[in-house]
Amino acid sequence: MPRGEIDEAWVEEAVRRYRRIETLQAEFDQAVATVEVTVRSPDGLVEVVVTAGGRITDVRFLGPLHQRSPRDVAGSVQAAVTAAADAAQWAREKLHNETFAAYRPLAGA
């Protein structure tokens, strides 16, 4: 192709791919907001439900609290919240890989 000419087919393909990426990004954003992961503290006392975006949607105590010290309960909550943050990150990465698995860079870019 002579210098200065526009490869219209390449431009059309780039626009088509850009629109597809926008659609995939919207699907990814929706999934991140709605996919939930449930984790428990190591002692099994606390269960936390978190979205892939990191928003905690539920916290449950699965055992009696009256026999535990406040420090132990706080430690269980902290462990569960930390695990929830890790699980949210894992879920985001998994969703990203699944959503954009078929995407490959535009040839010649």
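Leaving aside neighbours within four places in sequence, which residues is Thr38 in contact with? I shall open with that question, and I note at the outset that the model is predicted.

Thr38 is found in strand 1. Beyond its neighbours within four places in sequence, Thr38 contacts Glu47, Val48 and Val49. The residue is partly exposed, as its relative accessible area is 45%. With respect to Val81, which lies 43 residues away along the chain, the C-alpha separation of Thr38 is 11 Å.

Let me set beside this a residue of strand 2, namely Thr51. Is Thr51 buried or exposed? Its relative accessible area is 3%, and Thr51 is therefore classed as buried, the cut-off being under 20%. If residues up to four places away in sequence are not counted, Thr51 touches Val32, Ala33, Val35, Glu36, Thr57 and Ala88. Of these partners, Val32 is among the buried residues of helix 1, and Ala88 is among those of helix 2.

I turn now to the helices. Helix 1 covers residues 8-34, and helix 2 covers residues 70-99. Helix 1 comprises 27 residues and spans 39 Å from first C-alpha to last, close to the expected 39 Å at 1.5 Å a residue. Helix 2 comprises 30 residues and spans 43 Å between its end C-alpha atoms, close to the expected 44 Å.

How do they pack? The angle between helix 1 and helix 2 is about 155 degrees, and their axes lie 10 Å apart. Because that angle is over 145 degrees, helix 1 is roughly antiparallel to helix 2. The crossing of the two helices is right-handed. On the side of helix 1, the contact is formed by Leu24, Phe28, Ala31 and Val32; on the side of helix 2, by Arg92, Leu95, His96 and Thr99. By class, the residues of this contact are five nonpolar, two polar and one charged.

Finally, burial. In helix 1 the buried residues are Arg17, Leu24, Phe28, Ala31 and Val32, and their cover includes strand 2 and helix 2. In helix 2, the buried residues are Val73, Ser76, Ala80, Ala84, Ala87, Ala88, Ala91, Leu95 and Thr99. A general point is useful here: an α-helix has 3.6 residues a turn, so residues three or four places apart point the same way. The buried residues of helix 2 pack against helix 1 and against strand 1, strand 2 and strand 3, which run over 36-40, 46-51 and 56-61 respectively.

Notes. Residues are numbered from 1 along each chain as its sequence is written. This is a predicted model: local features need pLDDT of at least 70, side-chain atom pairs count only at pLDDT 80 or more; totals for chains, interfaces and linings use all residues. Side-chain values use heavy atoms; hydrogens and water are left out. Axes are lines fitted to C-alpha atoms, for helices over the stretch in contact, and angles run from 0 to 180 degrees between N-to-C directions. Helices (H or I, at least four residues) and strands (E, at least two) are DSSP runs, numbered from the N terminus. Angles under 35 degrees count as roughly parallel, over 145 as roughly antiparallel, 65 to 115 as roughly perpendicular and the rest as oblique. A crossing is left-handed if the near helix is turned anticlockwise from the far one by less than a right angle, and right-handed if clockwise. Contact means heavy atoms within 4.5 Å. Ala, Val, Leu, Ile, Met, Phe, Trp, Tyr, Cys and Pro count as nonpolar, Asp, Glu, Lys and Arg as charged, and the others, Gly among them, as polar. The expected span of a helix is 1.5 Å times one less than its number of residues. Buried means under 20% relative accessible area, exposed over 50%, partly exposed in between (1.4 Å probe, protein chains only).
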